[in-house]
Amino acid sequence: MKTQITSEQIAEYQRNGFLTVTDFLSSGEIEELKTAVAGAVDRMGSKKVSGGEVDWEDGDTYYSRVFTQKLNLWRIDETVKRYMLSPELGRMVSSLAGVKGMRVWHDQALIKPPWGNPTGWHLDNPYWSFHSKNSISIWIALEDATLNNGCLYFMPGTHKQAGFDNAPIGENIGDLFKVYPEWAKLEAVPAPLKAGSASFHNGLTAHGAGANMTPRTRMAMTCAYMPEGSTFNGQQNPILPDRIFKSLKVGDLLDDDDQYPLIYSEKS
Ligand SMILES: O=C(O)CCC(=O)C(=O)O
Ligand SMILES: [Fe+2]
């Protein structure tokens, strides 16, 4: 993993709210991670969250045809864990985000099926059980992500204006612009990535992905990171077992190392 970054890359990430890194994985790493992700997705069967308490079947809905979504593969696969919880990656995302440490919020495999629907414009952080201006996700292309098969698109700078209001990833891909009408006139920047390249985005940067107009899958492995010191905002989330959700009060520190492992901290 190409986890070394320059101050120019940090400045670009801070300015735009996203950054792409070409050849983030070597060809050997692409093969290793892709095989591990495919195997873990297979083992999950119809479960959406590993270790989760609810089976969450989408059936043949619009959303199920946006992507196959499997969360927290790190819990059931040592290879995925080695990549997604890597301290070097933790240091990299902490540097980009400008924070002292990072916990894993959740990983997720996102596989857009052949002829898959577009991913509507949205923000990530408002779905989660903490609010932060510095949450960050990595999105690694395990197959080429192109303008034809549903690569990501970002709206530069929106992370600086966003609040925690959001739109669901639904059939009207522009619903987010009802919430943030000032963004409706902005131009989006596509981020096509060769297999092994990666993008990083702030959890408050507006983003979406195109339709898959090919008969092949578009496979990505992603992971969302929560800045160390984040606190519970009262929101339920499928990765939180009921037992944990019920034990939390708004304002509690999210510091359970089993639930959200600390992968990097300047302090330690
Ligand atoms: O892969 C996609 O289509 C969407 C990805 C996304 O929204 C994310 O990684 O936050
Ligand atoms: Fe997203």
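Reader: In what order do the 4 strands of the open sheet come?
Author: First, this is a predicted model, where local features need pLDDT of at least 70 and side-chain atom pairs count only at pLDDT 80 or more, while totals for chains, interfaces and linings use all residues. Residues are numbered from 1 along each chain as its sequence is written, chains are lettered from A and ligands numbered from 1 in the order in which they are written. A strand is a DSSP run of E, at least two residues long, numbered from the N terminus, and two strands pair if DSSP finds at least two bridges between them. The pairing here is antiparallel, and the order is S4-S9-S6-S7.

Reader: Which strands sit at the edges of that sheet?
Author: Look for strands that pair on one side only. Those are S4 (119–122) and S7 (189–191).

Reader: Which residue in S9 stands opposite tyrosine 153?
Author: S6 (residues 152–154) and S9 run antiparallel, joined by 3 bridges. Opposite tyrosine 153 you'll find glycine 208.

Reader: Is S3 largely enclosed or largely open?
Author: A residue is buried if 20 or more other C-beta atoms lie within 10 Å of its own, with C-beta atoms placed from the backbone. In S3 (residues 101–112), 11 of the 12 residues pass that test, so the rest of the structure leaves this strand largely enclosed.

Reader: How many bridges join S3 to S10?
Author: S3 has several antiparallel partners, including S2 (residues 68–71) with 4 bridges and S11 (residues 262–265) with 3. With S10 (residues 218–227), valine 104 stands opposite tyrosine 225. The bridges between S3 and S10 number 10.

Reader: Which strand gives the most to the largest nonpolar core?
Author: A nonpolar core is a set of buried Ala, Val, Leu, Ile, Met, Phe, Trp, Tyr and Cys residues joined through C-beta atoms within 7 Å. The largest one has 70 residues, and those with the most contacts inside it include Leu142, Ala220 and Tyr225. With 7 residues, the top contributor to this core is S10.

Reader: How many residues around ligand 1 are charged?
Author: The shell takes residues whose C-beta atom, placed from the backbone, lies within 6 Å of the ligand; among them are Phe67, Lys112, Asp124 and Trp139. Ala, Val, Leu, Ile, Met, Phe, Trp, Tyr, Cys and Pro count as nonpolar, Asp, Glu, Lys and Arg as charged, and the others, Gly among them, as polar. That splits the shell into 5 nonpolar and 4 polar residues, with the charged ones numbering 2.
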